Every structure is written in C-alpha cells, then in structure tokens.
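User: Pick one part of this model and take me through it closely. Start with how it is built, then go to individual side chains.

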Amino acid sequence: MMTPARVTAVLGPTNTGKTHYAIERMLAHRTGVIGLPLRLLAREVYDRCVAQRGPSVVALVTGEERIVPDRTQYWVCTVEAMPLEIGADFVAVDEIQLCADPERGHVFTQRLLKARGLHETLFLGSDTMRGAIAALVPGAQFMKRDRFSTLAYAGSKKISRMPARSAIVGFSVENVYAIAELIRRQKGGCAVVMGALSPRTRNAQVELYQNGDVDYLVATDAIGMGLNLDIHHVAFSATAKFDGRRMRGLFPHELAQIAGRAGRHNDHGTFGVTGEARALDDDVIDAIENHRFMPVKKLHWRNEVMEYGTAERLIRSLEAPTTNEWLTRARDSDDLTALKTLSDMPEVRARLRGPQDVRLLWDVCRVPDFRASSGPEHAALLARIFDFLKDGHVPSDFLQTAVTRIDNATGDIDTLSKRLAYIRTWTYVAQRKGWVQDESHWRDETRAVEDRLSDALHAALTQRFVDRRTSVLLRRLKQKETLVAEVNDKGEVTVSGEFVGRLEGFRFRQDASGSPDEARTLRQAAEQALRPEFHLRADRFYNAPDTELDFTEQGGLMWGTTAVGKLVKGAEIMRPVIEAFVDDEAGPDVGDKVRRRLQHFIDRKVAALFDPLLAMGRDETLTGLARGFAFRLAEGLGVLPRDVIAADVKELDQDARGALRKHGVRFGQYTIFLPLLLKPAPTRLRLVLWSLFNDLAEFPESPPPGLVTIPNIDAVPRQHYTLAGYHPAGTRAIRIDMLERLADILRTKDSRAGFEAVPEMLSITGLSLEQFADLMAGLGYRGDKGERPKVKAAAAPVEIPVVPEGEILNPIPEEVSLLAPVPVPEAEAVADAPPEVETYFTFVWAPKPRGERRQGARPDRAPRNADARPQGDAPQGDRPQGDKPRRDKPRGDKPRGDKPQGDRPHGDKPRGDRPQGEGYKGKGKTDPKHDRQKTFEARPPRPEKPIDPDNPFAVLMALKGKV
C-alpha cells in the first residue's frame with residue numbers, strides 16, 4: 001500500500017536555516033523541485049546544488065535563464081517557472097508567506113494548493129502562515145525553527161557613523177544611487193544589489209562585499225528574500241515604499257523580513273534607521289525583536305481553470321471570484337492587463353481564430369515588462385511578437401537587428417541598465433520553446449550580450465560607488481597582510497599597487513582626493529608600508545656625499561630637490577642647529593640619523609667657506625686689540641664697514657695690522673674685509689647665518705654672481721648690502737673689492753682742483769658716464785657736467801719709400817705724383833658741418849652735510865670735518881700688502897691733513913689750467929704750495945715757405961704738413 005505524501009510547513013523567522021534544510025531534504029531524494037521567490041536566490045541555490053551533485057543532474061529554470069541537462073534530477077526554479085507535471089519525489093516552495101503579496105501572491109497560493117511531491121512536500125516561510133496552511137492544506141505537519149542569533153534595535157545612525165558590514169536599504173533606484181554616492185565619499189565605497197540587476201551583475205556586486213573589498217551594501221528590499229550575506233547591521237533609509245499603485249508604509253513583518261538579514265548563523269545582528277527615516281515605534285521594534293506578527297488572514301488567489309475559447313472567456317475565467325474565506329481574488333496583474341489591452345486591438349482580434357490562438361496570446365501577454373515602460377508601449381511590443389508568432393517564429397533578421405542595437409557595453413549606469421532590461425526581454429523570448437528559429441543559437445547569443453552588459457554594469461557601478469584603492473587597502477589591513485610600499489623616481493608611493501601619496505624626503509604627503517575615512521585608511525596603510533622604506537632611505541641619506549646636499553637662501557636644507565630640514569639659530573652665529581623634516585611615524589632612529597647627517601654637512605660647509613675667519617679665531621698669536629678686532633670680524637662674518645669701526649682701526653698699531661693681514665684681512669678705504677669671503681658661496685652662507693642669528697622672518701638673497709654693481713633700493717637696509725659684499729653709493733651699490741680698486745685710482749687724482757673720469761674707472765665699475773657720475777655723488781664727489789668739441793684722432797701717416805742717395809725715384813709713385821689728385825683734409829671737406837660735441841664730468845671732493853647723507857650711518861659716531869673724504873690707510877706704511885704696487889722708498893706715516901690723499905706717481909702732478917694744444921707759450925713758475933699757476937699767451941704762427949712744384953719731395957712734405 002502506497003504511503004501518503006508528507007506535507008510539512010517549516011516555519012520561523014529569518015536566519016533559522018530553513019532553505020539549507022530544504023536543500024538537504026531535496027538532495028536526499030532521487031528527484032526534486034524547489035521554487036524560490038527570486039531568480040537571484042535561485043542562482044545561489046543552484047550553485048550550491050551543483051557543488052554537491054555536479055552540473056549534469058541539476059537544472060536551473062527562470063524566466064530568462066534555462067539550463068536543463070539531459071539527465072536532470074533536481075530542478076531549481078523561480079516559483080513561476082516550477083515544472084509541476086514531472087512528478088518529482090520532492091517539492092519545496094520557499095517564502096510561502098508571499099501568498100499575501102498583492103502582486104505575486106496568486107502564484108504562491110496556487111503552489112500552496114496544488115504543488116505536491118510524490119514523497120515529500122515542504123513549505124518554508126514565516127510563522128504567520130500557520131493558520132492559513134492548517135486551513136488550506138489538511139494533514140500538514142508543522143516544524144518550528146528558532147533563530148540562531150538575536151536581533152536588536154540600534155536606533156538611528158548617520159551614514160558617516162554607520163558601522164562596518166552594514167546594509168542600507170532603499171526602495172527606489174534613485175534612493176539607492178544617492179546613498180551609494182554618499183557612502184563612497186564618506187566610507188570609500190559600497191556594493192549595490194537590486195532585483196533589477198542581472199544575476200551576473202548581482203553576483204559580482206555581492207562578491208565585492210563578501211570578500212571585504214567594501215564594508216557597506218546598499219540594496220533594495222530584494223535582500224530580504226533569502227540572500228545569505230555577512231551583514232551585521234541593517235539600516236532603513238525609509239519605512240515606506242511604492243507598491244505599484246500607491247505609497248504605503250511597510251508592515252512590521254515586511255520590516256522584519258529585511259532586518260532579519262543582519263546576524264547570520266550565530267552572529268548577532270542589529271537594525272535601525274538612517275537618513276530621513278522616522279524612528280520605529282516601540283511596538284514595531286518589539287514585534288521584530290521577538291518575531292511576533294499578526295497572522296495572515298487572506299491569501300491572494302486567481303482562478304487556474306482557464307477557458308481559451310475566446311479572449312473574453314479567458315478574461316472572465318481569470319477574473320472569476322472565490323468562495324473560500326481564506327482567499328481573495330488578486331487584483332489585475334501585468335499579464336491580465338496586457339491581455340485586456342491586446343484583445344481590444346482590432347489587428348490582434350482579427351488573428352484570433354480559435355483556442356490555440358487565444359492560448360498563444362496568453363503566453364505572449366505573460367512576457368514580463370522588464371523595461372518598466374508604459375502600458376501602451378509594452379502592449380505594442382507584445383502585439384508585434386504575437387504577430388510574428390502567428391506567422392511561425394520571430395524572424396531572425398528582426399531579432400538580430402534588435403540584439404545588435406542593444407549589444408553596446410559603453411555608457412553610464414542608467415544607459416547600461418536600460419540595455420540590460422531590453423536584452424532580458426529577448427532572452428525571455430529565446431527561452432520559450434518554438435518562438436524562435438535555432439533556439440540554441442539565440443539563447444547563447446542573448447545570454448552572451450546579457451553577460452557583456454552585466455560585466456559593464458558591474459564595472460560602472462564599481463567605478464562610481466567604490467574607491468578601489470581604499471577597499472583593497474582596507475581588506476589587506478583587516479587580514480593583517482604585510483603591505484609593501486614602492487616609491488618611484490618621482491616620489492610616488494604605491495601600496496599593493498594602489499597610489500596613496502608622495503614621499504618628499506622623509507615626510508609622507510598623502511593623496512588628498514578622498515574622503516576623511518579614506519584618508520585614515522590611506523594613512524594607516526602608508527604608515528605600515530613605509531616604515532621599512534624610511535629606514536632604507538635614512539641609510540642612503542646618511543651615506544650620501546656632501547655634493548648631493550645644499551642649503552637654500554632661506555635656510556632650508558635640500559637633498560637633491562627635496563627639502564629634508566632647515567637651519568635654526570644656534571648659540572653662536574657660525575654654529576646653527578638642525579631641524580629635520582621627518583614624520584613621527586618614521587621613528588626616532590630615522591629622525592636622529594637625518595639630523596646628525598645634516599649637522600655634519602652644515603658644519604663642514606661653514607668650516608670650508610669660512611676657513612680664513614675660523615683660522616684667525618684659532619690663532620693664539622693674536623693678542624690685545626688685534627684679537628678683539630678679529631672677534632669683531634667674526635661677528636660680521638668677514639665684512640665690516642670701515643666707518644662703523646673707524647676708532648678701532650685707528651687704535652691698531654703696525655704690528656697688529658700686519659698680523660691681521662697675514663690672515664688675509666684687507667683694510668680698505670670703505671670696508672674692512674677678507675677678499676676670499678666675498679666669493680658667491682661664502683656670501684650666500686653669510687647672509688643665511690646672519691639672518692638666522694638676528695631672527696629675520698625673511699632672509700635677504702645674495703645677488704647673482706659676477707655683477708659689479710646692483711640697484712640700491714631704499715627699502716633694503718644698508719647692512720644687507722654690506723653682508724652681500726656691496727657698498728651703496730647713489731642709485732647703485734658697487735662691489736666692495738671693486739670699490740677699493742676705484743679708491744686706489746682716485747687717490748692719485750687731484751680731488752680739490754678736479755679731475756675727469758678715465759676709461760679705467762668706467763671699466764672697473766662697468767657703468768656709463770652718467771651712471772658713474774651718480775656713483776661718485778654717492779661717494780661724496782660733486783660732478784660738474786660740461787660739453788666740448790670732440791677731438792678726433794690724427795690720420796695715419798703715408799709710408800714714403802726710402803731712396804738711396806744718388807738714385808732717382810723712377811717712376812714716381814702715384815701717391816706723390818703731381819698728376820695724382822691732392823687729398824683734401826676731412827675738416828675742409830665738411831667745413832660747413834657743425835663740430836661734434838662730447839660730454840664730460842669734472843669731479844671734485846664735496847661730501848654732503850651730515851644731515852643729508854643716506855640713512856644707515858651709525859648715530860653714535862663723532863662728527864667729522866665736512867671737507868674730509870673717507871680715508872684709506874692714510875699712513876702709507878699701513879697700506880695693505882699686495883693691494884697696490886709699493887714704491888721703492890717708504891713714505892712713512894706723515895698725515896695728509898683734511899684733503900684726500902693718494903699715492904700720486906712722480907711726474908703726475910697737476911699742471912694747473914694750461915690750455916691743451918699748440919700755439920701757446922707759458923711764463924712764470926708753478927708753485928703748488930701757494931697755488932700759483934703759469935700764464936699763457938698766444939705765439940705768432942710760423943711763416944709759410946713757398947713750395948717748389950718741381951721737387952716731388954717738397955710736395956710730399958707739404959702734403960704731410962712738414963713744411
């Protein structure tokens with residue numbers, strides 16, 4: 001006697017292992033069918049069954065996918081696609097509480113009433129279905145399963161404070177995308193799961209979340225239907241949704257179905273709200289936490305006994321009422337609405353000639369509106385498909401055109417989503433038996449296009465909503481993997497192939513393109529990965545030669561083109577200390593090594609560039625005033641204005657000066673300096689060290705090398721020019737050493753009677769005559785400008801051939817021939833032209849009164865004779881050795897009085913105001929002491945001698961002006 005089939009209702013909340021139990025029971029039978037609410041979940045269960053039994057005995061049948069091996073034993077399907085006529089040993093229907101769903105409830109109710117396995121039937125769902133199942137399925141047994149973990153309410157949380165492994169639920173595509181964009185900016189990225197996604201896209205997004213690439217999932221209520229994900233917290237961004245006809249609040253059991261995704265197996269979960277969602281009421285929270293909901297009182301039902309005689313009879317059968325108190329007629333679904341629309345079309349009605357045509361029309365109306373288009377648009381597409389099928393098949397050329405137009409994997413998320421919806425329509429059509437020619441080809445073709453679009457959509461979603469860099473680094477940090485940093489020659493730092501920032505010396509500059517949370521992740525990953533790199537770089541830096549290091553004019557310390565530290569004021573002007581630019585994360589050892597290397601560099605630099613100064617400080621033979629003077633020079637870093645220390649200079653005796661000169665000290669007329677320290681490198685360092693020691697906020701920059709004069713800017717203090725090796729005079733400042741050379745020449749001139757600038761003066765300064773006059777005015781000379789006729793150089797003499805005595809010049813050269821044209825002097829040729837005029841300056845020592853001099857002089861200096869000019873080493877025995885050629889006879893230390901003195905060469909005494917040129921004779925004597933001058937009177941011209949025209953030599957001499 002045959003044992004009656006057992007019907008069992010396995011009821012309980014989420015996370016009770018109901019689906020897992022059903023799979024085990026099915027695989028325990030020889031054959032079986034399991035119906036699932038979503039094709040996404042169907043694909044997941046199919047993969048699990050294939051893993052246990054192999055692909056040759058497991059079939060997958062959904063609206064758009066059909067994988068049916070020849071030796072199929074187990075069928076994994078959506079509820080609508082369940083084959084009930086095959087007589088399987090085992091039948092199971094998951095989420096049976098969807099019998100109460102207004103949209104699809106009639107399908108689940110039909111399975112509850114009619115689907116039975118030969119040996120065992122399981123209905124899986126919520127405990128709210130206990131009463132309905134007991135009433136509609138006599139003899140059904142019940143199995144109660146408790147939740148493995150607890151579910152607790154966590155209140156409202158902002159997106160920015162959402163814990164990791166959270167799912168945020170939205171109820172529209174726009175809402176899901178907006179939340180995903182916000183999470184990307186604040187958390188680095190998220191995965192997106194929606195019921196409209198293809199299984200391939202959905203699986204790729206789920207894998208992105210499951211493997212830890214992202215910690216957040218944004219989804220629609222599709223995740224509430226059996227998707228098993230590692231979720232710790234579920235947050236509702238809204239508690240109402242559009243159910244296809246109106247906006248309505250979610251029922252507690254609907255909220256519980258979604259919230260139950262939190263806490264898988266033995267891990268406890270939490271749920272709450274976020275964004276603008278209203279906080280849940282206490283009674284709703286209690287119902288969700290304790291799984292107590294109102295039982296289902298009505299199941300949606302539609303008559304399954306259809307009459308295909310005419311379209312009207314079919315519609316009436318589908319709208320037939322029920323008398324069962326547990327059932328209520330379902331509202332018009334999309335397929336019934338499409339049937340009513342198409343049956344009203346004259347062109348469609350004209351082709352309905354019998355029950356077979358009506359059945360075909362009903363099958364066409366059941367094509368889902370994947371595109372979510374308007375009713376008339378979807379109806380027009382169905383009418384065309386019906387027209388094709390009435391003629392046999394959907395034409396291959398039409399199908400090829402449609403598929404080719406859709407097969408484009410470029411575009412944004414919305415564009416790709418629309419193309420996926422379109423291809424799903426043709427995938428569904430290709431899955432229907434007998435609707436297309438070469439079914440195998442078109443199933444493969446539409447599936448390939450859907451896969452390409454799915455991959456493109458997954459990539460677009462990932463690119464828009466996931467910061468791949470942050471997700472990869474987060475996953476590796478959580479898995480405590482060893483992160484290795486790579487630094488290229490540009491300083492770009494990559495960790496595990498992801499760009500995280502730049503390494504500038506020993507400071508990490510993090511990429512600032514991400515969110516605050518992303519920044520923390522990048523910093524954490526970089527710190528871990530760069531730690532060994534810091535040590536390697538410190539060793540390389542410590543062993544680098546000094547040629548790779550340098551200092552800037554603002555006190556920075558450079559390693560190549562990278563700043564690694566700066567100079568800081570020390571106890572002494574020539575002993576600055578170091579502040580290294582090293583991140584704290586590099587460790588104290590790295591920082592100490594960098595500081596020591598920089599200190600060695602700057603100490604050696606000071607020792608090399610200021611060696612004459614340091615040697616003078618170490619010279620123990622310098623005593624008394626000489627040692628004090630050496631200390632003053634050290635304070636001034638080798639350059640001191642003479643007027644500042646004039647009293648100290650006068651107190652130095654000859655021995656002290658000689659000792660200082662041995663160290664290269666030069667006593668100039670305007671500056672006391674060491675010539676070696678005027679070179680560009682010591683000048684740069686001098687400006688930096690002096691600025692550091694005097695706490696300047698901005699350091700003066702040294703002039704470019706090679707310039708003899710530079711502009712004299714009023715806003716720049718005079719001391720800055722002195723430190724740079726220049727002396728301000730007028731509108732320009734002249735280099736100290738060149739000024740002393742000029743002063744040596746000026747001492748040879750009569751500064752009282754006046755003198756003109758000679759080419760050597762202009763050559764030394766590199767200035768024009770006007771600029772030189774301004775410079776001399778700055779030095780205390782008055783320049784009197786004048787004009788005079790320009791004297792041109794005499795013409796070169798004509799060479800006369802030498803004729804020995806007794807010989808006759810034959811022939812006479814053309815230049816002395818009487819027949820040759822007589823050259824006319826140039827002055828006679830242009831006798832009528834005005835003479836050329838040249839400008840000249842006569843310079844006289846005339847210093848300005850003290851109150852009119854340039855600011856910057858020391859106010860504590862004693863007044864000086866207004867007629868006195870700056871003195872060099874006036875006693876000639878004190879002239880620095882090697883400054884000028886010395887005379888054979890010493891001149892002693894005889895004072896020169898108030899008039900500027902110099903070493904005038906013998907025979908170079910001023911000649912008074914004697915007119916220049918010929919035709920004058922002088923009377924009297926010159927007495928320089930009494931300022932007596934010669935007087936001049938005109939001398940009568942020589943009488944002209946007659947020229948013998950027969951004497952060629954006389955003619956030649958006449959032409960040359962000798963006669």
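Analyst: What follows goes from the whole chain to one sheet, then to a buried strand and some ring contacts.

The model is predicted: local features need pLDDT of at least 70, side-chain atom pairs need pLDDT 80 or more, and totals for chains, interfaces and linings use all residues. Residues are numbered from 1 along each chain as its sequence is written, and side-chain values use heavy atoms, without hydrogens or water.

First, the setting. The chain has 963 residues, and 46% of them are buried (under 20% relative accessible area; exposed is over 50%, partly exposed in between; 1.4 Å probe, protein chains only). It holds 30 helices and 37 strands (DSSP runs of H or I, at least four residues, and of E, at least two, numbered from the N terminus). Of the contacts (heavy atoms within 4.5 Å) with a separation of 6 or more, 67% join residues 24 or more positions apart.

Now the sheet. It is open and antiparallel, with 4 strands in the order E23-E24-E25-E26; strands pair if DSSP finds at least two bridges between them. Strands E23 (549-551) and E26 (575-580) sit at the edges with a single partner strand each, so one side of each has no neighbour in the sheet. From one strand to the next, the twist averages 30 degrees (axes are fitted to C-alpha atoms, for helices over the stretch in contact; angles run from 0 to 180 degrees between N-to-C directions). Strand E25 (residues 562-572) is joined to E26 by 5 bridges, and the two run antiparallel. Take Lys566: its bridge partner in E26 is Glu579.

Two helices belong to this picture. Helix H19 (residues 588-609) packs on the sheet and touches E23, E24 (556-559), E25 and E26. The direction of H19 makes about 150 degrees with that of E26. Helix H24 (residues 680-693) lies across E23, E25 and E26, at about 60 degrees to E25. There is also a side-chain contact to inspect here. Arg684 lies over the face of Phe551, 4.4 Å from the ring centre (CZ of Arg or NZ of Lys within 6 Å of the centre and within 35 degrees of the ring normal).

Next, strand E16 (residues 269-273). It is largely enclosed by the rest of the structure, because 4 of its 5 residues are buried. Strand E9 (residues 151-156) runs parallel to E16, joined by 4 bridges. Strand E13 (residues 233-236) also runs parallel to E16, again with 4 bridges. Phe271 of E16 has Tyr153 opposite, and Val234 stands opposite Phe271 too.

That brings in the rings. The chain has 14 aromatic pairs (Phe, Tyr and Trp rings, six-membered for Trp, with centres within 6.5 Å; planes under 30 degrees apart are stacked, over 60 edge-to-face, the rest tilted). Tyr153 and Phe271 have ring centres 5.3 Å apart and planes at 55 degrees, so the pair is tilted. These two residues are 118 residues apart and link distant parts of the chain. Tyr153 is partly exposed at 23% relative accessibility, whereas Phe271 is buried at 0%.

For another pair, see Phe772 and Phe843. It is edge-to-face, 5.6 Å centre to centre with 85 degrees between the planes. Phe772 lies in helix H28 (residues 769-778) and Phe843 in strand E35 (residues 837-845), so the pair ties together parts 71 residues apart in sequence. Phe772 is buried at 0%, and Phe843 is buried at 0%. Both belong to a cluster linked by ring pairs, with Phe755, Tyr781, Phe841 and Trp845.
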